[in-house]
Amino acid sequence: MDPENWKNEILCRDKQLSILLSLMGKNSQATPPAIFIYGHSSTGKTFLSRKIIEAKGAPQAFVNCIECQSQRLLYEDILGQLSGMLPCVQNDYARYARCETANDFVRLLKNLIANEKWEKETVYIKPLSQDQLKINVKQGVDNAERLRNMEGHILPVFLRLSELSDCNVCVILLTQIIWEKFNATSGYLDPVKINFPDYSKNELLQIMTLDAPKEYSKAFYSSYVNLLLSIFHMACRDLSELRHLALMNFPKYIEPIEKGDATEGDAHKLWRNIEPHLKKALQTVFLREVSSSQWEQYQLSDTSTLPPLLSARAHVELPFYSKFLLIAAYLASYNPAKSDRRFFAKSHGKIRQTKRMKKAETSSQLTGPKAFQLERLMAIFYSIVDVRVAPTAHIFSQISTLVTLQLLSQIGSGDQLDAPKYRCCVSLDFIRSVSRTVNFEVMKYLYEFAA
């Protein structure tokens, strides 16, 4: 195993690679009982740890924690993969052993290591992703946070598995959340924690350049990716989605070259050709909501009609009061605070607007939504809703639901209980669609459109 040979495959993770190699060492050397690897999705956690374990040649097993809904299924899947005796048609779905409890699992694992003569090997149990658990004789677990929803003793057992089995077993937990959110109680052994931070813009550019088609130079593809990142980096930093975005829009970028109307050096002409298509892509960053063929048809169309799955967002079902809360949030985000008296006070008197004031105003639809306080949201809500509504906990819980649905976003820290601030995250078309379901003329209350 020579890490120097991985430089073209594992980029921008030199620090994490060095730490993992030093912790794991040789197969015959002792390793930490547990390693906790955390970071957002698409930061190289699974790829790097799996690459190292496979390079060591250690026996390994991958367990999907969604499929393993009980501890028995989890234990038996691990033992079956390590022993090579997986239930299938060829062996008439025979299992390595029936394993109901953690005591049985530790005993059977210890016997398996002795029978396979793995006493001088490191056994890895590796959690691979949020939905999987990977085990090696160096063993690993991915999406390890799923273990929190199982019986309370399972996670402590995996963290102390080396001690309980009296074997050189290393459990690698891969997760997207920090260790403190595992609600550690008694019996836990603190693992060695390794953070995989988000890739920077330059690192994303370096990695995505590897996807350059053979027909074009890496320098040309790098300039295209740099252009793409300048638009989408603030909205999405997920490497997988950005790579998908780049690959789906690249045929449109090179269309003038394919037709003979431009060369690789005509960056301005290539940009003008793809600009309207990238604007369409901004309506949905995570393009996995539609198939590639649907997205290509959407790009070729001259209309602004979204594919069915995307347009379904505009028809989300909400409770009655949640719709009015969302409308109130939109009005609070796009109306200046000084206009509230004009639209929502019963006797606001005559309000004059000079030409100078109007000229200084900038379109709120262009500048985007502004943050507002909770008390302003509730004041607008009580003004526009037709019936008298008591300020109960049920109403305030619906605001939290709108935040969870990402229709609203909370600004600042979540522990600011005195004056939380929010921002509306939906478009004008969306709010007009919601308003029609409750017979509310939202356009009459928008400062920019009101007469």
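This report walks through helix packing in a predicted model, with one buried aromatic residue along the way.

Because the model is predicted, local features need pLDDT of at least 70 and side-chain atom pairs count only at pLDDT 80 or more, while totals for chains, interfaces and linings use all residues. Residues are numbered from 1 along each chain as its sequence is written, and side-chain values use heavy atoms, with hydrogens and water left out.

**Helix α7 and its neighbours**

Let's start with helix α7, residues 201-208 (helices are DSSP runs of H or I with at least four residues, numbered from the N terminus). Its buried residues (under 20% relative accessible area, 1.4 Å probe, protein chains only) are Leu 204, Leu 205, Ile 207 and Met 208. Viewed down the axis of α7, these buried residues fall within an arc of 170° (taken from the directions from the helix axis to the C-beta atoms), so they line one face of the helix. They pack against α8 (218-232) and α9 (239-253), where contact means heavy atoms within 4.5 Å.

Helix α9 is also the place of Phe 250. Where does Phe 250 sit, buried or exposed? Phe 250 is buried, with a relative accessible area of 5%. Leaving aside neighbours within four places in sequence, Phe 250 is in contact with Pro 213, Tyr 216, Phe 220, Tyr 221 and Tyr 224. From Phe 250 to Tyr 224 there are 26 residues in sequence and 8.0 Å in space, C-alpha to C-alpha.

**Two helix pairs**

Two packed helices are described by the angle between their axes and the distance between the axes. Here, axes are lines fitted to C-alpha atoms over the stretch in contact, and angles run from 0 to 180 degrees between N-to-C directions.

| Helices | Axes come within | Crossing angle |
|---|---|---|
| α14 (residues 320-334) and α20 (residues 428-437) | 10 Å | roughly 140° |
| α18 (residues 374-384) and α19 (residues 393-404) | 13 Å | roughly 115° |

The helices α18 and α19 are therefore roughly perpendicular (65 to 115 degrees). In this pair, Leu 374, Leu 377, Met 378 and Phe 381 of α18 meet Ile 395, Phe 396 and Ile 399 of α19. By class, that contact has seven nonpolar, no polar and no charged residues (Ala, Val, Leu, Ile, Met, Phe, Trp, Tyr, Cys and Pro count as nonpolar, Asp, Glu, Lys and Arg as charged, and the others, Gly among them, as polar).

The helices α14 and α20 are oblique to each other (oblique covers the angles left after under 35 degrees as roughly parallel, over 145 as roughly antiparallel and 65 to 115 as roughly perpendicular). On the α14 side, Lys 323, Leu 326, Ile 327 and Tyr 330 meet Leu 428, Phe 430, Ile 431, Val 434, Ser 435 and Thr 437 in α20. The residues of this contact divide into seven nonpolar, two polar and one charged.

How values were computed:
Buried < 20%, exposed > 50% of the residue type's maximum accessible area, 1.4 Å probe, protein only. Helix = DSSP H or I, 4+ residues; strand = E, 2+ residues; numbered from the N terminus.
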